[in-house]
Amino acid sequence: MTQDQNEPLSGERRVLSRRNVLTTLGALPVLAAATAVVGAQEAAAATAVIDPSTQRQTIRGFGGMAHAGWIGDLTSAQRDTAFGTGEGRLGFSVLRIPVYENQADWSRDLATAKRAVELGATVIASPWNPPSSMTETFVRGSQTNARRLRASSYGAYAQHLDAFNTHMRNNGVNLYGISVQNEPDYASEWTWWTPAEMVKFLRENAGSIGTRVIAPESFQYLKNMSDPILNDSAALANVDIIGAHLYGTSYANFPYPLFQQRGAGKELWMTEVYYPNSTDSADLWPQALDVGEHIHRAMVDAEFQAYIWWYIRRSYGPMREDGQLSKRGATMAQFARFVRPGYVRIGATANPATNVYVSAYRSGNTIVIVAINKGTAAVSQQFTVANSAISSASSWLTDASRNVAPQGATSVSNGSITATLPARSMTTFVTSVGGGTPSPTPTVTPTVTPTPTPSGGTGSSRVAYTMNPWNSGFTASISITNTGTSTINGWTLAFTLPSGQSITSGWNATYSPSSGQVSARNVSFNGTLAPGATVEIGFQATHTGNTAEPTAFTLNGVPSTVV
């Protein structure tokens, strides 16, 4: 990303208008605010069928960029607004920060990163330039002072990235991943990389970096940057996340068949964008609704696992300069607050009516449905779940006058819900299927809170533990089922992590301590487990080579059956 029109000038960087580049590349034109629609009639849409048996990508989160060096740090209150999940919050679960070329600057974004982690977010980092001692200038077309990494400095640059990762870890932030280079193919203001150079670095040097490696972060999701990585087994072995930016990328270019063919075991993230521009106010409506469709397309068409905005706080961003949610931010929060890390996108009728877009996500008994109506008339939309029934539902709405406004319980009839999607609006439904209670606003509690005294049903339980490891870390998903005959009110799951494993963040439970004998306590929305009900929890952790799984679990002190 480059400077926007409001950024202060930097001695190392000159202003380059992304807007002009996008126009050249055929980006969508700027939209004007539309007048109100009078007398529009409600239309009926085809039923949107949600299919839990069709499981797609695991969601890692939604988030944004903080860059204290360019626009100043977030305040304490703004951090809580960005990463909190309650009313009036964005619910971001991913933070992206810069890797400064000078080590003296490495702590500039530390306070924001630490608070994000406390609130359950993961943190990634991207460099714009290596240290100047590692670069050289060359002629690239008409640019006589283009910059690139010296061939003799590849090893030193890998050490530089690893040192940043170590610095953050030593200061309480375990990076989820680190990028090789921000936008290596749009680098007149920073460091250029060719596809061959990127592949060489990944093959020969990236394996020494002690966290997940992200590449190539092409500015426009240009496949000529990522295809060579996917087609080179040695390079692919040393990359964990294929990262992309979506500046001016057409929806037709969102799908990536080669990644589906070659990317097994890898993740696919959208690591930076602003949309549709950086010149309009983020409160312009219905233009802000375009952000909702853009995220929908990124999830459904591209199957990205993360969606990350450029600056969190900016006139065109999800948070206004006064620290309040913008309309663009509200559309992001309709996803971010409710579709939490570890949720899995499932099948859904993506376009049940003209200008209506639907996607669905599941965790345990909870299914989150995000519905966007870009049309000028209200739509009556029915939602059904294949081979199951919706037992309860609540909803939140963003339109011209409301921002993620709770709408209360949604009527359920014969296992389906039928709701009115107002004209030019976005609605998120949090539903429960097959019994149990939906999670209205999933949250990760940053500090240990007292657990209610367990009552009833402290006998039988079943636990399934699924581990997804990589070279220095892993995620674990745990399902807890009440196999007894009475309700459990308040639960604590205890287990022992094998030696060398340490929890860095988690979801749907409070974990303490981070290693050794761990207790996972329920949070406010999932403390009740009816007979036969299941709750899904999980965490991210590091390891030092031991990827064994816990062998025994107890729920409220009673041994669980492990499957």
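1. The largest pocket has 50 lining residues, and those that lie nearest its centre are Thr-58, Arg-60, Gln-305, Val-344 and Asn-468. The model under review is predicted. The space in this largest pocket comes to about 1,200 Å³. Sorted by class, its lining has 20 nonpolar, 21 polar and 9 charged residues.

2. Next come the enclosed spaces. Rolling a probe the size of a water molecule over the atoms shows where empty space is left. In this structure there are 2 cavities of 30 Å³ or more.

3. The volume of the largest cavity is about 70 Å³. Its lining is made up of Arg-60, Thr-122, Tyr-176, Trp-269, Pro-341, Gly-342, Thr-475, Trp-507 and Gln-540. By class that gives 4 nonpolar, 4 polar and 1 charged residues. Arg-60 deserves a second look on the model: this residue is in the lining of the largest cavity, and Arg-60 is also one of the residues nearest the centre of the largest pocket.

4. The second largest cavity holds about 40 Å³ of space. Around this cavity are Met-65, Ala-66, His-67, Ile-71, Gly-72, Asp-73 and Leu-74, together with Tyr-311, Ile-312 and Arg-313. The class count for the lining of the second largest cavity is 6 nonpolar, 2 polar and 2 charged.

5. The remaining points concern pairs of helices. Helix α3 covers residues 76-83 and helix α4 covers residues 110-118; their axes come within 10 Å and cross at roughly 40°. That angle makes α3 oblique to α4. The crossing in which α3 passes α4 is right-handed. On the α3 side the residues that meet the partner helix are Arg-79, Asp-80 and Phe-83, and on the α4 side they are Ala-111, Thr-112, Arg-115 and Ala-116. The contact of α3 with α4 has 3 nonpolar, 1 polar and 3 charged residues.

6. How do helix α5 and helix α6 pack, and at what angle? Helix α5 runs over residues 154-170 and helix α6 over residues 195-204, and the two pack at an angle of about 70° with axes 10 Å apart. Angles of 65 to 115 degrees count as roughly perpendicular, and α5 and α6 are therefore roughly perpendicular to each other. The crossing of α5 past α6 is right-handed. Tyr-154, Tyr-157, Ala-158 and Leu-161 make the contact from α5, while Glu-197, Lys-200 and Phe-201 make the contact from α6. In classes, the contact of α5 with α6 has 5 nonpolar, no polar and 2 charged residues.

7. Helix α6 also has a contact with helix α7, which spans residues 223-230; the axes of α6 and α7 come within 9 Å and cross at roughly 35°. This crossing is right-handed. From α6 the contact uses Pro-195, Met-198, Val-199 and Leu-202, and from α7 Asn-224, Met-225, Pro-228 and Ile-229. The contact of α6 with α7 has 7 nonpolar, 1 polar and no charged residues.

8. A closing remark on α6, to be checked by eye on the model. Which residues of α6 make the contact with α5? They are Glu-197, Lys-200 and Phe-201. For the contact with α7, the α6 residues are Pro-195, Met-198, Val-199 and Leu-202. There are 2 charged residues in the contact of α5 with α6, and no charged residues in the contact of α6 with α7.

How values were computed. Residues numbered from 1 in each chain as written. Predicted model: local features only at pLDDT ≥ 70, side-chain atom pairs only at ≥ 80, totals over all residues. Heavy atoms only, no water. Axes fitted to C-alpha atoms, helices over the stretch in contact; angles between N-to-C directions. Helix = DSSP H or I, 4+ residues; strand = E, 2+ residues; numbered from the N terminus. Parallel < 35°, antiparallel > 145°, perpendicular 65-115°, else oblique. Left-handed = near helix turned anticlockwise from the far one by under 90°. Contact = heavy atoms within 4.5 Å. Nonpolar A, V, L, I, M, F, W, Y, C, P; charged D, E, K, R; others polar. 1 Å grid on protein atoms, 1.4 Å probe; cavity = no way out; pocket = protein on both sides within 12 Å on 5 of 7 lines; lining within 4 Å. Points joined across faces, edges and corners; volume = space filled by probe spheres on them.
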